[in-house]
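Work through the exercises below with the sequence and the model open. Each task is followed by a solution in steps.

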Amino acid sequence: MSRRTSRPRPHAVTAGSPCPCGLSDTYGACCGARHAGSPAPTAESLMRSRYSAFAVHDAAYLLRTWHPDTRPERLDPDAGTRWLGLEVLASTDGGPFHQEGTVEFIATYREHGHQDTLREHSRFVRHDGAWVYVGPLPR
């Protein structure tokens, strides 16, 4: 009887992979550390880790880092969506000594064979001492 071992899919992210958020560190040392429980020191860091959570389909992290007033009851990332890149355009406040911040970004993705972008100017606040995502700002 042969034993089959599972192999990661070609686009699977491992601790040693480049981080999906686009920074130079590995996933394990960057956003993977956030997903494992290390708090984000800035709003931008949280936004990058949330982007990476979409890339690795970590719905629990996304819900955990969403403000309770705007958080959906459940979130089911689409397995047919592949996140391809993140560009941070601007950020305001959101540092270690702030209570609020914003991050504007463009995320590129492929969904069911079609490539597209998502542009959002997001609001973040501290809730119980940790950065959380509130939602997009109106255009």
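**Exercise 1. Two histidines in loops**

Task: Place His 57 in the chain, then state its backbone angle and its exposure.

Solution. Step 1: His 57 sits in the loop that links α2 and α3; helices (H or I, at least four residues) and strands (E, at least two) are DSSP runs, numbered from the N terminus. Step 2: its phi is positive, about 60 degrees, although His 57 is not a glycine. Step 3: His 57 has a relative accessible area of 30% and is therefore partly exposed. Buried means under 20% relative accessible area, exposed over 50%, and partly exposed in between (1.4 Å probe, protein chains only).

The model is predicted: local features need pLDDT of at least 70, side-chain atom pairs count only at pLDDT 80 or more, and totals for chains, interfaces and linings use all residues. Residues are numbered from 1 along each chain as its sequence is written, and side-chain values use heavy atoms, with hydrogens and water left out.

Task: Do the same for His 112.

Solution. Step 1: His 112 belongs to the loop between β2 and β3 (114-127). Step 2: His 112 is not a glycine, yet its phi is positive at about 50 degrees. Step 3: His 112 counts as exposed because its relative accessibility is 55%.

**Exercise 2. Overall architecture**

Task: How many helices and strands does the protein have, and in which pattern do they follow along the sequence?

Solution. Step 1: there are three helices and four strands. Step 2: along the sequence they read α-α-α-β-β-β-β.

Task: Compare the radius of gyration with that of a compact globule.

Solution. Step 1: for 139 residues, a compact globule would have a radius of gyration near 14 Å; the rule is 2.2 Å times the number of residues to the power 0.38, and the radius is taken over C-alpha atoms. Step 2: the protein has 16 Å, which agrees. Step 3: along the principal axes, the C-alpha atoms fill a box of roughly 60 × 35 × 30 Å. Step 4: 37% of the 139 residues count as buried.

**Exercise 3. The largest nonpolar core**

Task: Which members of the largest nonpolar core touch the most other members, and which elements supply at least two residues each?

Solution. Step 1: a nonpolar core is a set of buried Ala, Val, Leu, Ile, Met, Phe, Trp, Tyr and Cys residues joined through side-chain atoms within 4.5 Å. Step 2: this core has 21 residues, and those touching the most other members are Cys 19, Cys 21, Cys 31, Leu 46, Met 47, Leu 86 and Phe 124. Step 3: at least two residues each come from α2 (43-55), α3 (59-64), β2 (100-111) and β4 (130-136). Step 4: α2 gives the largest share, five residues.

Task: List the contacts of Cys 21, leaving aside neighbours within four places in sequence.

Solution. Contact means heavy atoms within 4.5 Å. With those neighbours left out, Cys 21 meets Cys 30, Cys 31, Arg 48, Tyr 51, Ser 52 and Leu 86.

**Exercise 4. Two residues of β2**

Task: Is Val 103 buried or exposed? Name its contacts too.

Solution. Step 1: Val 103 is in strand β2. Step 2: its relative accessibility is 1%, so Val 103 counts as buried. Step 3: neighbours within four places aside, Val 103 is in contact with residues including Ala 43, Glu 44, Met 47, Val 88 and Phe 124. Step 4: Pro 136 is 33 residues from Val 103 in sequence, and their C-alpha atoms are 9.5 Å apart in space.

Task: Repeat this for Thr 108.

Solution. Step 1: Thr 108 is also found in strand β2. Step 2: Thr 108 has a relative accessible area of 18% and is therefore buried. Step 3: not counting residues up to four places away, Thr 108 touches Tyr 51, Arg 82, Trp 83, Leu 84, Gly 85, Gln 115, Asp 116 and Thr 117.

**Exercise 5. Two residues of α2**

Task: Describe the surroundings of Ser 45 and Ala 55.

Solution. Step 1: Ser 45 is in helix α2 and counts as buried because its relative accessibility is 16%. Step 2: beyond neighbours within four places, Ser 45 is in contact with Arg 34 and Ala 40. Step 3: Ala 55 lies in helix α2 and, with the neighbours within four places left aside, is in contact with Pro 20 and Trp 83. Step 4: from Ala 55 to Leu 86, 31 residues apart in sequence, the C-alpha distance is 11 Å.
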